[in-house]
Amino acid sequence: MKMRSPSLGKIVLTLGISFSLGGSIGLGSSAIAPQSALAYTDMTTIELYRLAGESFPVLLRRAEIVARAAAQRSFDRDILVTSVAIDVVGKHNGEIAPLLRLQINRQTWQSQPDPQLWATYFPNTPFLLGIEQ
């Protein structure tokens with residue numbers, strides 16, 4: 001009994017199909033792979049008007065409360081936010097000046113969510129707003 005070898009045309013056709021399927025599968029899996037996530041800093045500016053007769057320490061305390069709520073809201077709203085930068089500015093009699101800046105990353109915030117620990121305060125703000133201390 002004599003064995004016949006496959007013809008050269010069949011071998012080329014088989015290899016061509018194998019390579020094209022392999023290439024398609026390779027391209028398909030890379031097209032399906034998820035894109036890498038982009039982490040970012042959420043930046044917010046909040047304006048607070050001084051209430052009639054309100055002292056500067058009370059205005060500053062309100063700024064801390066608002067900054068804390070804004071930071072928590074930013075982290076809760078978007079899982080890709082890795083840090084927040086919140087500027088709280090005060091307004092009084094047409095003047096505007098920074099009250100505090102809270103810049104913090106998610107991990108630190110989760111361990112101690114207290115703006116008094118992490119905020120930067122501006123000592124000249126009462127003067128700039130024209131508020132007597």
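1. Helix α2 holds a pair of charged residues, R61 and E64, that lie three residues apart and are therefore separated by about one helical turn. The two side chains form a salt bridge in which the closest N and O atoms are 3.3 Å apart. The environments of the partners are not alike: R61 is partly exposed, with a relative accessible area of 43%, whereas E64 is buried at 6%. These values, like those below, refer to a predicted model.

2. The protein has five helices and four strands. Read from the N terminus, these elements follow the order α-β-α-β-β-α-α-β-α. Of the 133 residues in the protein, 28% are buried. Among contacts with a separation of 6 or more, 57% are between residues 24 or more positions apart. The exposed area of the protein is about 9500 Å², and 61% of that area is supplied by carbon and sulfur atoms.

3. The four strands form an open sheet in the order β1-β2-β3-β4, and the pairing is mixed. Strands β1 (40-49) and β4 (119-121) stand at the edges; each has a single partner strand, so one side of each is left without a neighbour in the sheet. From one strand to the next, the twist averages 20°. Helix α2 packs on this sheet and touches β1, β2, β3 (95-105) and β4. The direction of α2 makes about 150° with that of β2.

4. The pairing may be followed strand by strand. In general, strands of a sheet pair through backbone hydrogen bonds, in either the parallel or the antiparallel sense. Here β1 and β2 are parallel and share 10 bridges; within this pairing, T44 has I86 of β2 as its bridge partner. Strands β2 and β3 are antiparallel, also over 10 bridges, and G90 is matched with A97 in β3. The antiparallel strands β3 and β4 are joined by three bridges, with R101 standing opposite T120 in β4.

5. Which residue in the hairpin of β2 and β3 takes a positive phi? The residue is N93, in a hairpin with two residues between the strands. Its phi is about 50°, although N93 is not a glycine. As background, most residues other than glycine have a negative phi. N93 is placed in the loop between β2 and β3 and is exposed, with a relative accessible area of 66%.

6. The structure contains five salt bridges, one of which is the R61 and E64 pair of the opening point. Side chains of opposite charge can pair when their charged atoms come close. A further pair involves R62, which forms a salt bridge with E54 at 2.8 Å between the closest N and O atoms. R62 is partly exposed, with a relative accessible area of 24%, while E54 is buried at 7%.

7. What do the side chains of R101 and D87 form where they meet? They form a salt bridge, with an N to O distance of 2.6 Å. R101 belongs to strand β3 and D87 to strand β2, so the pair ties together parts that are 14 residues apart in sequence. R101 counts as partly exposed because its relative accessibility is 24%, and D87 likewise counts as partly exposed at 24%. R101 is also the residue that stands opposite T120 in β4.

8. On the surface, Y40, I79 and L80 make a nonpolar patch of about 300 Å². Is I79, one of these residues, buried or exposed? I79 counts as exposed because its relative accessibility is 74%, and the cut-off for that class is over 50%. I79 lies in the loop between α2 (56-77) and β2 (81-92).

How values were computed: Residues are numbered from 1 along each chain as its sequence is written. This is a predicted model: local features need pLDDT of at least 70, side-chain atom pairs count only at pLDDT 80 or more; totals for chains, interfaces and linings use all residues. Side-chain values use heavy atoms; hydrogens and water are left out. Patches are made of residues with over 30% relative accessible area and no salt bridge: like charges are joined within 9 Å, nonpolar side chains (Val, Leu, Ile, Met, Phe, Trp, Tyr) within 5 Å. Accessible areas come from the Shrake-Rupley method with a 1.4 Å probe; for residues, only the protein chains shown count as cover. A salt bridge is a side-chain nitrogen of Lys or Arg within 4 Å of a carboxyl oxygen of Asp or Glu. Buried means under 20% relative accessible area, exposed over 50%, partly exposed in between (1.4 Å probe, protein chains only). Two strands pair if DSSP finds at least two bridges between them. Axes are lines fitted to C-alpha atoms, for helices over the stretch in contact, and angles run from 0 to 180 degrees between N-to-C directions. Contact means heavy atoms within 4.5 Å.
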